[in-house]
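Work through the exercises below with the model open. Try each task before you read its solution.

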Amino acid sequence: CAVVVTRYFGGTLLGPGGLKRAYAAAAEAALQNTPLLTMRRYAEGSLCCPYPLYGKVAPLVARLGGSVLSADFGQTVTLTLRLPTTERGAFEKALTDLSGGSLAAAFTGECFAAPVEGGWKTAPLIP
């Protein structure tokens, strides 16, 4: 975490102690007024499932702390989903049990993310 404070000189000399206090106060005010997010590592992927199983798969994703990002209703339901990486194994096992082994998700990547009102805040993984 980094805080950057920029002070434009307005003709008032603050001295070393005054500058330190001004910068500290500005940083403190910024941090107190900034909402904190807990970013977690998420796996992202897709899954095609028949309509009868859609009503069971979507709640499963939510129960494991994930989210269905989009759903395309064509011949089958194609879901784009995001799951905490710690729950990926549990999801795959539950999906196998739910579908009798006929469904498998294709996970294509990972990111750091936090759910926020109305969507997600994401950040790429840095290798």
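Two strands count as paired if DSSP finds at least two bridges between them. Helices (H or I, at least four residues) and strands (E, at least two) are DSSP runs, numbered from the N terminus. The model is predicted: local features need pLDDT of at least 70 and side-chain atom pairs pLDDT 80 or more, while totals for chains, interfaces and linings use all residues. Residues are numbered from 1 along each chain as its sequence is written, and side-chain values use heavy atoms, without hydrogens and water.

**Exercise 1. Trace the sheet.**

Task: Find the order of the strands and the edge strands.

Solution.
- Start with β2 and β3 (residues 77–84). They pair in the antiparallel sense over 6 bridges.
- Check the register. Ser70 stands opposite Thr80 in β3.
- Extend to the whole sheet. The 5 strands form an open sheet, ordered β2-β3-β1-β4-β5, with antiparallel pairing.
- Read off the edges. β2 (67–73) and β5 (119–123) each pair on one side only.
- Add the twist. From one strand to the next it averages 35 degrees. Axes here are lines fitted to C-alpha atoms, for helices over the stretch in contact, and angles run from 0 to 180 degrees between N-to-C directions.

**Exercise 2. Place helix α2.**

Task: Which strands does helix α2 touch?

Solution.
- Apply the contact cut-off: heavy atoms within 4.5 Å.
- Helix α2 (residues 51–63) packs on the sheet and touches β1 (40–49), β2 and β3.
- Compare directions. That of α2 makes about 15 degrees with that of β3.

**Exercise 3. Analyse helix α3.**

Task: Check the length of α3, then sort its faces.

Solution.
- Expected span is 1.5 Å times one less than the number of residues. For the 12 residues of α3 (residues 88–99) that gives 16 Å, and the end C-alpha atoms are 16 Å apart, which agrees.
- Buried means under 20% relative accessible area, exposed over 50%, partly exposed in between (1.4 Å probe, protein chains only). In α3, Phe91, Leu95 and Ser99 are buried.
- Seen down the axis, the buried residues fall within an arc of 45 degrees, so they line one face of α3. The arc is taken from the directions from the helix axis to the C-beta atoms.
- The face turned away carries the exposed Lys93 and Asp97.
- The cover over the buried residues of α3 includes β1, α2, β3 and β4 (106–116).
- Gly100 follows α3, with a positive phi near 65 degrees.

**Exercise 4. Search for disulfides.**

Task: How many disulfides are there?

Solution.
- A disulfide is a pair of cysteine sulfur atoms within 2.5 Å.
- The whole structure holds 0 disulfides.
- Cys49 is in none; its nearest cysteine sulfur, that of Cys48, is 7.9 Å away.
- Cys49 is buried, at 0% relative accessible area.
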